[in-house]
Amino acid sequence: MGRRVSGRTILAVETSCDDTSAAILRGERELLGHVIATQDMHAGFGGVVPELASRAQLRVIDRVVGRAMEQSGVGLADVDAMAVTAGPGLIGSLLVGLNWVKSAAFALGKPFIGVHHMEAHLFASALEDERARPPFVALLVSGGHTLLLHAERWGRYRLLGQTRDDAAGEAFDKVARLLGLGYPGGPAIEQQAREGDAARHPLPVPMVRSAQRQDSEDYFDMSFSGLKTAVLMRVRELEGAGRLEGEVPHLAAAFQNAAVEQLTEKTLRAVQATDCRRVILGGGVARNKALADRIRSRMAPDALVFVPSPRLATDNAAMVARAAQFRLERGEQAGYDLNAQANLSMPGIVEAPSATHGRMEADW
Ligand code: KG4
Ligand code: ZN
């Protein structure tokens, strides 16, 4: 088909939450086919209903993989290896993708590998820009996770901070519900915030006290539940006064401003502590333009901030394929006993010294 042949061709499947995605990646960046089927039946419930999600995934997975294969112009027999998200995520959903890939790999006699969902998010930017490689600081912000990492090299990640309660995306979703906006809440809040004035409802920025020093154990950690409660209190007050409707854009702007400020401050602390020149954002909340803009505006002019394009920021199989390339290259491969794990821990993760000893060591 006149395509450049370089590197091995991987078929990857991702079904960790409500989306169903398949990708065919050749080498490190040649995305030959990529399909993401989203579900909209959860909107009325204000969140993903796991049983509905996995049942729908079971119905569409054949078609999703089929369409991605068609796009790629590659046949299943020409695929060199297969990959699938093995966790963390919703167990029923994970099993749909995992069983599909395991059966196909068995039937075709292909090697296959399980990928960690958050490691895959780390690789999303690398699909679009070869400079998006370690060492870097990564802020992974999705509906289920909020992680601040220092990637010393691919496969070795120092956990600097994480949320102490809600995930960042979860907070956007919950606040959107309080404000009567739809699900998912992130895009709705961002849109409302554009018309709003954050200064009308000053909200505290959580976890950012001037007394915090690098040896404070919450120096890199984040929290969103207090902010959510602060919004709730304002909503009740305004509702009581019959003024909520007109204030929705301003409250959305105030919440987004405080959330973005916290995420930016923590990311900059990580950049300073690690002396990194590169920052990688990943996960659905990385689609938030205010977040990327604020982080960029506070970084040194020669620093690089990588934000995946919207399609690659949210859950997708292309990033799973890219992470699989790295793992397969190292000679890793799964056996037929590979299982899905809702709480799979990230491979290569090391705790930051500050989190365990209350002191930051010098081996950054
Ligand atoms: O990574 P993702 O697609 O799925 C998970 O693994 O969770 O992230 C989904 C999350 C949702 O909570 C959604 O509200 C949030 O990402 N999100 C946003 C934006 N777009 C999606 N949050 C803030 N601003 C956005 N523009
Ligand atoms: Zn995700």
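The following questions and answers concern a predicted model.

Q: Which residues form a positive surface patch?
A: One member of the patch, Arg55, belongs to helix 1, which spans residues 50–72. An α-helix has 3.6 residues a turn, so residues three or four places apart point the same way. The positive surface patch is made up of Arg55, Arg59, Arg63 and Arg67.

Q: Is Arg55 buried or exposed?
A: Arg55 lies in helix 1 and contributes to the positive surface patch. Exposed means over 50% relative accessible area. Because the relative accessible area of Arg55 is 52%, this residue is exposed.

Q: Which elements are included in what covers the buried residues of helix 4?
A: Helix 4 covers residues 168–178, and its buried residues are Ala168, Gly169, Ala171, Phe172, Asp173, Val175 and Ala176. Their cover includes strand 6 (136–141), strand 7 (146–153), helix 5 (185–194), helix 6 (225–240) and helix 7 (244–274).

Q: Which residue with a positive phi follows helix 4?
A: Helix 4 comprises residues 168–178. The residue that follows this helix has a phi near 75 degrees, and is Gly180.

Q: Is Phe224 buried or exposed?
A: Phe224 sits in the loop between helix 5 and helix 6. Contacts beyond four places in sequence include Ala168 and Ala171, two residues that are themselves buried in helix 4. Because its relative accessibility is 0%, Phe224 is buried.

Q: What distance separates the C-alpha atoms of Phe224 and Thr163?
A: Thr163 is one of the residues in contact with Phe224. The two are 61 residues apart along the chain, and their C-alpha atoms are separated by 7.6 Å.

Note on methods:
Residues numbered from 1 in each chain as written. Chains lettered and ligands numbered in written order. Predicted model: local features only at pLDDT ≥ 70, side-chain atom pairs only at ≥ 80, totals over all residues. Heavy atoms only, no water. Patch = residues over 30% accessible without salt bridge, like charges linked within 9 Å, V, L, I, M, F, W, Y side chains within 5 Å. Areas by Shrake-Rupley, 256 points an atom, 1.4 Å probe, with all protein chains shown as cover. Salt bridge = Lys/Arg side-chain N within 4 Å of Asp/Glu carboxyl O. Lys, Arg positive; Asp, Glu negative; His and termini not counted. Charge placed at Lys NZ, Arg CZ, Asp CG, Glu CD. Helix = DSSP H or I, 4+ residues; strand = E, 2+ residues; numbered from the N terminus. Buried < 20%, exposed > 50% of the residue type's maximum accessible area, 1.4 Å probe, protein only. Contact = heavy atoms within 4.5 Å.
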